[in-house]
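Reader: I've got a model open and I'd like to talk it through with you. Can we take it piece by piece?

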Amino acid sequence: MTFPWLTWLVFFPLIGAALVALLPATAHRAVRLWATVVALAELAFSLPLWWRLVPAQPGWQFEERHRWIPGLGASYHLGADGISALLVLLTTVLTAIAVIGAWTAVDKRPREFFALLLVLEAGMLGTFLSLDLLLFYVFWEAMLVPMYLLIGVWGGQRRVYAAVKFFLYTMAGSVLMLVAILWLYFLQRNATGIVTFDLDAFYRLPIAPATQMWLFLAFALAFAIKVPMFPFHTWLPDAHVEAPTAGSVILAAVLLKMGTYGFLRFAIPLFPNASHTAAPWVVTLAIIGILYGALVAMVQPDLKKLVAYSSVSHLGFCMLGLYAMNVQGFAGSLMQMLNHGVSTGALFLLVGVIYERRHTRAIADFGGLWKPLPVFASVFLVVMLSSIGLPGTNGFVGEFLVLLGAFRTNWAWAAWAASGVILSALYMLWMFQRVMFGPVTHAENEKLSDLSGRERLVFAPLLLLIVWMGVAPQPFLDRMTPALERTLELSQMRAVMSANVKPQALETAPADVEGAR
Amino acid sequence: MNVFAAPHLLPVDWFALGAVMALSAGLLVLLLLELLPARPGSSRGAIVSLLTLAAAGASVFRARGAARSLFGGMFVHDGFTVFFTLLFLSIAALAVLWSWDYVKRTRINQAEYYALLLSSTLGMILMAASNDLITIFLGLELMSLALYVMVGFRRSQLESNEAALKYFLLGAFASGFLLYGIALLYGATGTTNLTRMAAFVADSPLGANPLLVIGGLLLLVGLAFKVSAVPFHMWTPDAYEGAPTTVTAFMSAGAKAAGFAALLRVVLHALAGVHAHWGTLLSVIAVLTMTVGNVSALLQVNLKRMLAYSSIAHAGYVLVAVVAGGPQGASAALFYLAVYSVMNLGAFGVLTLLGRGHDERVNVSDLNGLGFRHPLLGIALTLFMLSLGGIPPTAGFMGKVYLFGVALRAGLVPLVIIGVLNSVVSVFYYLRVTVALYMDEPKSEPTQVNWAAPAVVALLASLALTLWWGVAAHDLLMQAQRSVVGLL
């Protein structure tokens, strides 16, 4: 038997969390150190995904499958392909960075904070690696709890409101997905007699287009709230603004990707006909999200809120790319997911850095920061340019591919979305100008200390990724493209195979129920 | 006829009656022991109760196996009986562990308390094991009469008196309904035996017979009262709030499960032939019960009242399984009741630790800051709340998945959607507990927590089961499915 590597990846952070939680409450230094060690070890464990994954090989890699609840047909099935491997790497990298970034920011109960951060990591990895729908749902929901506590305990003024809103919003969308999962399960059982929650089995099951629509709506609602797509985005600014920096980083960098990942892995391949029918609607919402997010970001007086709304805009690009329904769009979307994770994660960290020093995030409280904080400002500049999508940075690659994919399907989509690119330049550059340039307008800003060694260490890998993914994105594209092509082929094949299927009632005939007595 | 020869006519399978006899014996021992002087602070009541429950459990375990019926079919010993007997014994054992320190602290008379607890458990077991409306009624009265007294055990407290009186009056009224229903059903079918009634209902086109319909409805009212289904739930918040918290914990799990045991036997066995006619009515009751329970719980500041309304909502979920019917519906109800009992006993149990003497501290704000002060209490209560709300990886989630899955399979789509949306509503008030535990400012004078070793054992046991059934539900699932085989 080979080493259960993915299981180790998912559960090692839990072991680490237990380890951290068992340290004495007052040993702040030890807590930070151990949390960092665990997060870095986890990163090290995940790195082989980069070179050991064979992109061209079809099917799941490093697959593990065990009986879990045989009575229900649920299995413990983990596996990776190019899509999930990259998202797993994004998760481990950003968690390690968030942990190191939170060293000084968290002085209240750091032991519990870091333990929860690691529990959260386990939940996110489980979500990306699960290939059994029930198992996926368990991770998807369970992951809410640590995030809820992170926002609610360590957040800002309105933290309780934001945390509860985050939990209820996400759960409200998810429970209908659970009903849809159960529906699929019985559909499978009626059609083939197989009792299973396994994704592969559902990939082979033709589903009547009319049924697909209902199931798609249930899945899409859950994912759309997570992404978040306009008009389901209202939990996001609250959650982001109130969350502690590390929480915001994880929320933006990884949690939102679970929504887009859900579309790519479940909603599109499982319900291709419904996805096709719904595409104009989804794209319309995505474009509204791009423009609306950008316009609202422009008028935010609070730096963190600005970044939060920019997320709504960027995730709109991801959704547009997915619903262009071609390989360029898919690749652009996945690229954009990674970019957004890196760039927006970095932006939240930068806002956290300045907040730690000044205890304010209002743009009006800054001005001329370049003079006292040259290193901070330069890092900010690079990250901001990447967020705008300047050629040479990662943002450009993603947005370009998304627009290319969208153009191939419908040029008007691309045209509308492209105006979002301009708007993003507008709100970012304007914000940068007000914060960084000109004379120092507030005397208390003159004495600020620049990035510390630890902080430089935090930003170095992010800057490296921004440039690497911008200048030489090919290794990333090589890893994702075969898997994306397969997803596309699968959904096209399923669309053909499902097109003429007739909807069937789910319940057994009454005689069947009576007969069982 | 020679009456002395009667025992030969009724060969009794004593092993099948082991649990009943063990409990009866233990009950008498408890009362006799009270004649001997006790050291102050003695725990003999709790110890004797636990030994009794263990003996009962062992004899049930020993007697499991082929289904058989005793006393001319009035008492059956089948998988269903064994499942519920073990469940009631576990509930009682957990309740004893939670009560161990609590009754001393609140100066409740121990012998009476534990004797009543055992006799109530005995009543529950009789209810589940009955295959006859008469014995169901006897079991129900035995359970209820003991509970009426236990609810009023905080004699010096006005709300406890009020609760007991309210519970007693309404309960007596419900018993009247039940008895009247039994009489009418007897009139309609000529028997009180459930199996014969089932055969009768199946053979004759009696679906629309007014006697059967009215009798069934009255019976339903009586049992709906016991499981606190809307609109027969009015007593629940008051009784749960006024009762000593350990009694609340015991009755919220035990009495409800017993009520459902009887309901399942009647609705899915005796009246199975007309189950289709009941579907709409039961669906309406299920929807009302879930919704009224959850919406009312949103507004509560007292945790006991909040959990009382939550227990009403959970009765609604189980009713969904009853509506689904069939072996699957029954097994889903069993599974859910086991899960619910464990997590709900845990939640109420934690509340028994709070406060000083009769001065209960069970408002939501009394928990402020306790999560970090008492990590075990915080983690346990949080997990019980998540489980009640149906969040994975807890038992409550698996219970809901199985239950709603079965209902979906039976074609109850609207009911399932209303059910899952209700669980979202419920999460709001369950989260308020975690908000108080971890997020609200600690009070200047934090609530006193009375740790005691037996309570910790009960806490850890409930916690372990809540988590274990959340990640490894297979065994319980199989048990629940096997236990309904004889029933249907």
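Author: Sure, and keep in mind that this is a predicted model. A good place to start is chain A, where strand E1 (residues 61-69) and E2(A) pair with each other over six bridges. The sense of that pairing is antiparallel.

Reader: Okay, which residue is the bridge partner of A:Ile69 in E2(A)?

Author: A:Ile69 falls within E1(A), which covers residues 61-69. Across in E2(A), its bridge partner is A:Ala74.

Reader: And which residue in the hairpin of E1(A) and E2(A) takes a positive phi?

Author: The hairpin has four residues between the strands. One of the hairpin's residues has a phi near 85°, and that residue is A:Gly73.

Reader: Let's stay with that second strand. Is A:His77 buried or exposed?

Author: A:His77 sits in strand E2 (residues 74-80) of chain A. The cut-off for buried is 20 or more other C-beta atoms within 10 Å. A:His77 has 24 of them, so it counts as buried.

Reader: What does A:His77 touch, and how far apart in space are A:His77 and A:Phe136?

Author: Leaving out residues up to four places away in sequence, A:His77 touches A:Arg65, A:Leu131, A:Asp132, A:Leu135 and A:Asp198. As for A:Phe136, there are 59 residues of sequence separation from A:His77. In space, C-alpha to C-alpha, the two are 9.4 Å apart.

Reader: Zooming out, how does the radius of gyration of chain A fit a compact globule?

Author: Chain A has 21 helices and two strands, and its C-alpha trace spans about 80 × 55 × 40 Å along the principal axes. Buried residues make up 58% of its 517 residues. A compact globule with that many residues would have a radius of gyration near 24 Å, which agrees with the value for chain A, 23 Å.

Reader: Same check for chain B: what is its radius of gyration?

Author: Chain B has 20 helices and two strands. For 488 residues the globule rule gives 23 Å, and chain B comes close to that, so it is as compact as a globular protein of that length. Its radius of gyration is 22 Å.

Reader: What share of the residues in chain B is buried?

Author: The C-alpha trace of chain B spans about 70 × 60 × 40 Å along its principal axes. Of its contacts with a separation of 6 or more, 81% are between residues 24 or more positions apart. Out of 488 residues, the buried share is 62%.

Reader: Give me one residue there. Is B:Val227 buried or exposed?

Author: B:Val227 lies in the loop between helix H9 (210-226) and helix H10 (235-242) of chain B. It has 28 other C-beta atoms within 10 Å, so this loop residue is buried.

Reader: How far apart in space are B:Val227 and B:Ala257?

Author: B:Val227 touches B:Lys256, B:Gly259, B:Phe260, B:Leu263 and B:Ala315, not counting residues up to four places away in sequence. B:Ala257 is 30 residues from B:Val227 in sequence. C-alpha to C-alpha, their distance is 7.5 Å.

Reader: Last one: which element gives the largest share of the side of chain B that touches chain A?

Author: The interface puts 32 residues of chain B in contact with 32 residues of chain A. On the chain B side, the elements giving two or more residues are helix H14 (326-352), helix H17 (395-409), helix H18 (413-439) and helix H20 (474-483). By class, that side has 25 nonpolar, six polar and one charged residues. The largest share, twelve residues, comes from H18(B).

Definitions and conventions: Residues are numbered from 1 along each chain as its sequence is written. Chains are lettered from A and ligands numbered from 1 in the order in which they are written. This is a predicted model: local features need pLDDT of at least 70, side-chain atom pairs count only at pLDDT 80 or more; totals for chains, interfaces and linings use all residues. A residue is buried if 20 or more other C-beta atoms lie within 10 Å of its own, exposed if 12 or fewer, and partly exposed in between; C-beta atoms are placed from the backbone. Two residues are in contact if their C-beta atoms, placed from the backbone, lie within 7 Å. Ala, Val, Leu, Ile, Met, Phe, Trp, Tyr, Cys and Pro count as nonpolar, Asp, Glu, Lys and Arg as charged, and the others, Gly among them, as polar. The radius of gyration is taken over C-alpha atoms; the globule rule is 2.2 Å times the number of residues to the power 0.38. Two strands pair if DSSP finds at least two bridges between them.
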